[in-house]
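User: Please take me through this model with short questions and short answers. I want to see how each label is earned.

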Amino acid sequence: MCMIISGSLAIADTINTIQTTSISTTAVHIEIEDFTQDDSIEQNALLLMPGDSVSFVPKVVNYGTPCYIRAKIDVKMDGKSEDVETFIGGISSSLEKRGDYYYYNNIVGENETIDIFETVKLPSNIENTYQGKELLVEVHAEAVQARNFDPGGQWNIEIEETLDRHYSISDDTEPVESKVIYQNETEKYIKNSNPFFLESVNLVPGDEIQEEILIENIQYPSKFTLDIQSKNNDGQDIDLLEKVMLKITASDGTQIYNGSIKDYTLREIANLNSGETKELIATISLPAELGNEYALKKASILWIYNGEYEGKENPDVIIDPDEKDSQNGNKTPITGDIKLDFYLVLFILSTIGLFSTIAINNKKENLEER
Amino acid sequence: MKTNSKSNRKKLIAVALLLCLVLLIGGISAYFTDKTETLSNTYTVGNIEIELTEPSWVAANAQGIMPGDELPKDPTVENTGSSDAYVFVKVSIPTGTVDGTADTELFTLVNSNDQDGVNAGWVQVSRTAETGKVTYVYAYASATELTPVESGDTATLFNKVRFVNPTDAATTTLTNGSIDVTAYAIQTNNIPATTAPATVFANFGE
């Protein structure tokens, strides 16, 4: 019985840190708009004579993430391709002709607009053979994410249309969620970059974000684990977590995890003696091979740190994270340990048993004395 | 040795295929992209088209004409195109020796008022004398500016020609000849009406 009591004093306590990180992808979204002034077109403007020049002002507006833009201009006379610059006037000096496209060499920022050209013209020296023919001018623009893309030369990529033509990055005002909850003064043990992965929103393929996790064990020999769970809210794109990669490495180069976030399972990240520290680098990345099908996805994950140690004399009170989160409506899972309650009951039962034994012994002794 | 060589070749091919596969996998990358709709505008190149006719001309009347005869001949230019046009007409008149004067024009143009000369609304641009003929160029214009002939409208340069009437047959030499009439038209767009008719006519390369 005494053995049991002394064992219950060397209880294992837990410390928890719960942290939520938002992960989202952005999208490339451009529109081409005709800024031709109506009053600049004469009544018969669509009937061109040699030397005529009529207003046609296509502009490209960027509603999505910063991107590179190129435009293709086609001029056809009765279906036969013609030299673009013979019939198109005022081509923006910011555009550079490479192959079949006119490339805008600078990054086009959010809500920025670029000009393509200003007029359609019929040269004054055009031959009589063009009389009565139909002149067709077509222009469209293509865009690719600016980050992680080399815009030099002719883009050798497949350009696909965005899946959401209503998306506007300026309307995407949902606040970024990245919070850290320290329990039982655990900030003494685990120090993340704060805010943690705040830039993991509006990702594009090829993005990579690194943050630091510093574990400082200042008191007791402890084992620290990290679990990652998807936050079970509506509107989550869990398939995004299959593609977002997580790599955790220690400063000594030891790899703790390298795989998709969805496949991550609870694992030990440090086992430290008192006074030891361990530095981890967590890297979240979106693979470069992902295409538009992964644009505009959103998901949140919970980083759940758990520490176990022995020998602490005055265990701190664990605060239920739901109590904190209930104020802002968030619900986070409770990952606290129930060992304390179990040992408390055992301690009380042992004490009752001890006192009962003493009482019975005393009673026996009293009867023998009588 | 042969077997070794074959085996090495197979290994080499396998390594090459593997390398290709690795390069292919490693080289795959996609990006977030977008492509706009196509803006398009269609224009029609205007056409300048004219037709030259002589409604009063009867070819048979021109056979065996006598000095002083007048023949109905009314070169008329109709704008059959879609756009307004400036119109020019070139007339070549045969020449001969009349009453001892060489290179005399054998026909005189007569207007709708039975007066010598072309109809009102035409101005002479040039006169060029060559062997056997004199060539005139006329523009449909006022004294100050060119007059557009609108689509569907017509303009008649003159209405008759009068054969010369010599007084001294001994010093007159008449030969067969023809009066050649050619019409020209050019767009009015981008050509100010006040441009000198000779300058505009130069566009025809005459």
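User: What makes up most of the long-range picture in chain A: how many of its contacts with a separation of 6 or more join residues 24 or more positions apart?

Analyst: In chain A, 81% of those contacts join residues 24 or more positions apart. A contact means heavy atoms within 4.5 Å. In chain B, 71% of the contacts between residues at least 6 apart in sequence join residues at least 24 apart.

This is a predicted model, so local features need pLDDT of at least 70 and side-chain atom pairs pLDDT 80 or more, while totals for chains, interfaces and linings use all residues. Residues count from 1 along each chain as its sequence is written, chains are lettered from A and ligands numbered from 1 in written order, and side-chain values use heavy atoms, without hydrogens and water.

User: How many helices and strands are in chain A?

Analyst: Chain A has 5 helices and 22 strands. Chain B has 2 helices and 13 strands. These are DSSP runs numbered from the N terminus: helices are H or I with at least four residues, strands are E with at least two.

User: Why is A:Thr119 called buried?

Analyst: Buried means under 20% relative accessible area; exposed means over 50%, and partly exposed lies in between (1.4 Å probe, protein chains only). A:Thr119 has 19%. That is under 20%, so A:Thr119 counts as buried. A:Thr119 sits in strand E12 (residues 119-121) of chain A. Leaving out residues up to four places away in sequence, A:Thr119 touches eight others by name: A:Ser53, A:Val54, A:Ser55, A:Phe56, A:Phe87, A:Ile88, A:Gly89 and A:Gly90.

User: How much of chain A counts as buried?

Analyst: Of its 370 residues, 44% are buried. Chain B has 206 residues, and 33% of them are buried.

User: What makes strand E13 (residues 134-145) of chain A largely enclosed by the rest of the structure?

Analyst: 9 of its 12 residues are buried, so E13(A) is largely enclosed.

User: How do you know that E13(A) pairs with strand E2 (residues 39-45) of chain B?

Analyst: Two strands pair if DSSP finds at least two bridges between them. E13(A) and E2(B) have 6 bridges, in the antiparallel sense. That meets the cut-off, so they pair. Within this pairing, A:Val139 has B:Leu39 as its bridge partner. E13(A) is also joined by 3 antiparallel bridges to strand E1 (residues 33-35) of chain B. There, A:Glu142 is matched with B:Lys35. Inside chain A, 11 bridges join E13(A) to strand E6 (residues 67-77), again antiparallel. A:Val75 and A:Val137 are partners in that set.

User: What makes strand E10 (residues 133-140) of chain B largely enclosed?

Analyst: 6 of its 8 residues are buried, so E10(B) is largely enclosed by the rest of the structure. Its antiparallel partners include strand E6 (residues 85-98) of chain B, over 7 bridges. B:Ser92 faces B:Thr135 there. Strand E9 (residues 122-130) of chain B is joined to E10(B) by 8 antiparallel bridges. In that pairing, B:Trp122 stands opposite B:Tyr140. E9(B) and E10(B) form a hairpin with 2 residues between the strands, and B:Gly132 takes a positive phi near 85° in this hairpin.

User: Which strands of the E4-E12-E8 sheet in chain B are called edge strands?

Analyst: Strand E4 (70-72) and strand E8 (107-110) of chain B are the edges: each pairs on one side only. The open sheet has 3 strands with antiparallel pairing. E4(B) is joined to strand E12 (residues 160-163) of chain B by 3 bridges. B:Leu71 stands opposite B:Val161 in E12(B).

User: What lines the largest pocket, by class?

Analyst: Its lining has 12 nonpolar, 10 polar and 1 charged residues. Ala, Val, Leu, Ile, Met, Phe, Trp, Tyr, Cys and Pro count as nonpolar, Asp, Glu, Lys and Arg as charged, and the others, Gly among them, as polar. A pocket is an open set of points on a 1 Å grid over the protein atoms alone, where a 1.4 Å probe fits, with protein on both sides within 12 Å along at least five of seven lines; lining residues have an atom within 4 Å of a point.

User: How much space lies in the largest pocket?

Analyst: About 510 Å³. That volume is the space filled by probe spheres set on the points, which are joined across faces, edges and corners. Of its 23 lining residues, A:Pro50, A:Ile126, A:Asn128, B:Ile186 and B:Gln187 are the closest to the centre. Strand E13 (residues 180-187) of chain B gives the most to the lining, with 5 residues.
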